[in-house]
Amino acid sequence: MTAAERIAELHAARPRSPLVRATALILAGLALYAWLSGEIAVAELWSGRRWDNLRRFLERDATPYPLRADGFSWSGLWEWARPVLVERGLPGAFATLWISVLAIVLAGGLASLAAPLGARTLMAREPYLAGAGGGASRPLFWRAVSGSTRAFLVLLRAIPEYLWAFLLLAMFGASAWPAVLALAIHNAGILGRLGADTIENLDRAPLRALRALGASRRRLVGFAVFPLALGRFLLYFFYRFETCVREATVLGMLGVVSLGYWIQDARARNLYDDMLLLVALGAVLVLLGDLASYAARSWVKKAS
Amino acid sequence: MLEGIDLAVARGEVVAVVGPSGSGKTTLLRLLNGTLRPTTGSVALEGVDLGALGPRALRRARARVGFVHQDFALVPNLRVSQNVAAGRLGQRGFLAATRSMLWPGARDLAAMHTLLGRVGIEEKLFARTDTLSGGEQQRVAIARALFQEPVALLADEPLASVDPARSRDLMRLFFEIATERGLTMVVSMHDLAVAREFFERMVGLREGRVAFDERTSQIPQARFDELYRLAERTPGDA
Amino acid sequence: MPERAPPPLGRRGLVLAGALAAGVLAYSFLDLSLAGLVPRGGQSRILREFLAAALRPALDYEASFVPPGTPSFPRTVLAAVHRTLVFAAAALSVSLPLGLVLGFCASSVWWSDDGGRPRRLAPLAQWSVRLAIAGMRSVHELLWAVVFLAAFGLNTLSAVAAISIPFAGTLAKVFSEMLDEAPRNTAFALRAAGASPLRVFLFGLVPRALPDMAAYTFYRFECAVRSSAVLGFFGYETLGYYLKLSFDNLHYREVWTYLYVLFALVLAFEAWSGALRQRFVA
């Protein structure tokens, strides 16, 4: 056999991952199809009318009212912005903040309860002691527990927060609860799944030792799993907090009093200048939330 | 970290650099291949001062020196062929380089196959690198360094991740390759026994300075002992 | 029984306590009461009827009168799913290249010589990109949609843009973090072999981060599908639009059909990404 033949032979026998290749092709094809399908009005990009709309919007509607009349001045800008911020913006921003805080704390609590139930290493007759710690050797009952917990968590996060809030609003009336619960439920699904994965990825040696000494499952979770997984879990917790702030802002558009409520209100009243100011405030809030989350995560990381 | 180094390696010579951890062996090797610049003094390759070269010329100089890293520095999720092909990335135009990584041509494949055969793993040409054992990955790293067609080969603790039974085989491989291709070779090592067995010239480093630089046969045991003696001033350290 | 006391929680315990305290604070500031969790009167009827419909999702329109020429219910559902997926795919097709470029520029490794000196303009360029990304990310896609609605009116292109902008920002941020945290030993080895900085980056650094980047992109696609569905609440005819319509008309069984379709989509994504993860790791 010549070298070239041998190379061809090796090439034909090479390990391939058809799934990965197929995925890439499907996604690329889907992206191409999306643009060609006619669902998206690409021609609008060249529509003069749309760009005229934009120009009119920027020059007239979006420019703060006092500035339109008297021309630009910092004091004029402030005079316009102050009441918007004081009466609507800041209260809305604070409401948004509190909603996100309460929601993420609730989500974290729910997730902490669900995570051990979804951890396949814990959900076995003899956690950590039998064989490689799970897999096909687990009895049906335990597999059902972890499987159904995980499926449940997937369902919680399948429904977007906005949709949860919409449904809950109709059933619980206008208070902050629909927003808080919507965020809490959706994020419990996410944090629960991440927590279960974290528990599964814990170093098995110390846990196996404890179990061999006779620790009950409850003690194992409380005294060993929880402290070991806490650091990682807190990181995920703060990551999701950032997203909660973002989402809490827009949930207001359903009628719950967060920043989004005032944004929607301004839009409905055609006060586009106010609307843009409030959107900008929302962005600032999200950035502050990001900073706080980053600070908290760095602090936690240094500890562990 | 390193001080007062005055070292010359002739073409085709094979040298071992020994010393305890932290003595500066890796630093020395990195100086030799131009990835580290000396704060004082100069490093010259084939008579050319590396410090005087501009970035492009420096890269060309580096391409003439192959380096086998201590942790192999391979990309685990790529194929062996792609890791080996990376060796010539410094020597081609951009399009050719990209092509060699994604769809290597027949000539490249043949060259890689030969090299892998030389190091004993020709059948792994298209295997995923992370499916190989440590020793096999070591050989891929060697093949990558050789693919550069270098004039010199540097190896940083190549025996560190190899079990003792295999160390001698691997060293023998290094020597055969160096002799076949007339490579200049500098190898840093921890294992004195293997070093003394194979190398004719040894440089001992201790705390950043050259303790000795002589023909192996002329170094008394006492010098080796002193090299690895614990430092006196900090009794608590290992 | 564990012989020693469990490892002291230290900072993590403090952070945990702080979070709980913040939660209690938030509860009081929001003026919430547990009574608000009990649905009353009309709302409790809605809740009961809604839950009752859960096991009987609609396969046909619930309205007693359906205008002639209306496509069948399954066709409407499928058209909604189709449109939802199309918006998401189109948005990602813009976000991904944009996110890659911005992510490269925002990362520290792009500007460094892998241990060498960063180029002079680097900090300015890097931080302006990071600022731009932060701006893109911090406005929610629904807010972008609302702004575009005001500026351009109801326009499918602006729906796609509304999703792509924040998603590009998020992808860029995550990509830049992955690149900065990827192991650099291969990049160093390629530098030692004489490769130019661009090739060191593309062939030594990016491949190390690539599996994570690909996994995250796939996850983002799933998120885009959800965002696209929610855009339906704003007039675009995706899943959310029809769901809201059915709910407002009290056709709860239809609502459950849409919910089950959403579940199915997400479960399919979960299964697919699980299978992919196995391939990548194995």
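**Three chains and how they meet**

In chain C, among contacts between residues at least 6 apart in sequence, 69% join residues at least 24 apart. This figure, like every other one below, comes from a predicted model. Chain C is a good place to begin, since chain C touches chain A and also touches chain B.

The make-up of chain C is easy to follow by eye. The chain holds eleven helices and zero strands, and from the N terminus on its elements run α-α-α-α-α-α-α-α-α-α-α. The radius of gyration of chain C is 25 Å, well over the 19 Å that the globule rule gives for 282 residues, so chain C is more spread out than a compact globule. Along the principal axes, the C-alpha trace of chain C spans about 75 × 60 × 45 Å. As for burial, 41% of the 282 residues of chain C count as buried.

Chain A can be read in the same way. There are twelve helices and zero strands in this chain, so that, by the helix and strand assignment, its elements run α-α-α-α-α-α-α-α-α-α-α-α from the N terminus on. A compact globule of 304 residues would have a radius of gyration near 19 Å, but chain A has 27 Å. The C-alpha atoms of chain A fill a box of roughly 80 × 65 × 40 Å, taken along the principal axes. Of the 304 residues in chain A, buried residues make up 43%. Among contacts in chain A between residues at least 6 apart in sequence, 70% join residues at least 24 apart.

The next step is to see how these two chains meet. The contact between them takes 62 residues from chain C and 65 residues from chain A. On the chain C side, the elements that give two or more residues include helix 1 (10–29), helix 3 (73–106), helix 9 (197–230) and helix 11 (252–281). Helix 1 of chain C gives the most to this side, with eleven residues. By class, the residues of chain C that touch chain A divide into 44 nonpolar, twelve polar and six charged.

One pair of helices lets the reader look at this contact in detail. Helix 3 (residues 48–61) of chain A and helix 6 of chain C pack with their axes 7 Å apart, at an angle of about 105°. Angles of 65 to 115 degrees count as roughly perpendicular, and the two helices are therefore roughly perpendicular to each other. From helix 3 of chain A, the residues R50(A), N53(A), L54(A) and F57(A) meet A150(C), A151(C) and F152(C) in helix 6 of chain C. The residues of this helix-to-helix contact divide into five nonpolar, one polar and one charged.

Chain C also meets chain B, through a contact that takes 16 residues from chain C and 22 residues from chain B. On the chain C side, the elements that give two or more residues are helix 8 (185–192) and helix 9. Helix 8 of chain C gives the most here, with seven residues. Sorted by class, this side of chain C has nine nonpolar, four polar and three charged residues.

Chain B itself brings strands into the picture, with nine helices and eight strands. Its radius of gyration is 18 Å, close to the 18 Å that the globule rule gives for 238 residues, so chain B is as compact as a globular protein of that length. The C-alpha atoms of chain B fill a box of roughly 55 × 45 × 35 Å along the principal axes. Of the 238 residues of chain B, 37% count as buried. Among contacts in chain B between residues at least 6 apart in sequence, 68% join residues at least 24 apart.

Chain B is further divided into domain 1 (1–64 + 150–231) and domain 2 (79–149). Taken over C-alpha atoms, 25 Å separate the centres of domain 1 and domain 2 of chain B. Where the domains touch, eleven residues of domain 1 are in contact with eleven residues of domain 2. Helix 2 (55–63) and helix 7 (164–181) of chain B are the elements that give two or more residues to the domain 1 side. The residues of that side divide into seven nonpolar, one polar and three charged.

Note on methods. Residues are numbered from 1 along each chain as its sequence is written. Chains are lettered from A and ligands numbered from 1 in the order in which they are written. This is a predicted model: local features need pLDDT of at least 70, side-chain atom pairs count only at pLDDT 80 or more; totals for chains, interfaces and linings use all residues. Two residues are in contact if their C-beta atoms, placed from the backbone, lie within 7 Å. Helices (H or I, at least four residues) and strands (E, at least two) are DSSP runs, numbered from the N terminus. Ala, Val, Leu, Ile, Met, Phe, Trp, Tyr, Cys and Pro count as nonpolar, Asp, Glu, Lys and Arg as charged, and the others, Gly among them, as polar. Domain bounds come from an automatic or database domain assignment. The radius of gyration is taken over C-alpha atoms; the globule rule is 2.2 Å times the number of residues to the power 0.38. A residue is buried if 20 or more other C-beta atoms lie within 10 Å of its own, exposed if 12 or fewer, and partly exposed in between; C-beta atoms are placed from the backbone. Axes are lines fitted to C-alpha atoms, for helices over the stretch in contact, and angles run from 0 to 180 degrees between N-to-C directions. Angles under 35 degrees count as roughly parallel, over 145 as roughly antiparallel, 65 to 115 as roughly perpendicular and the rest as oblique.
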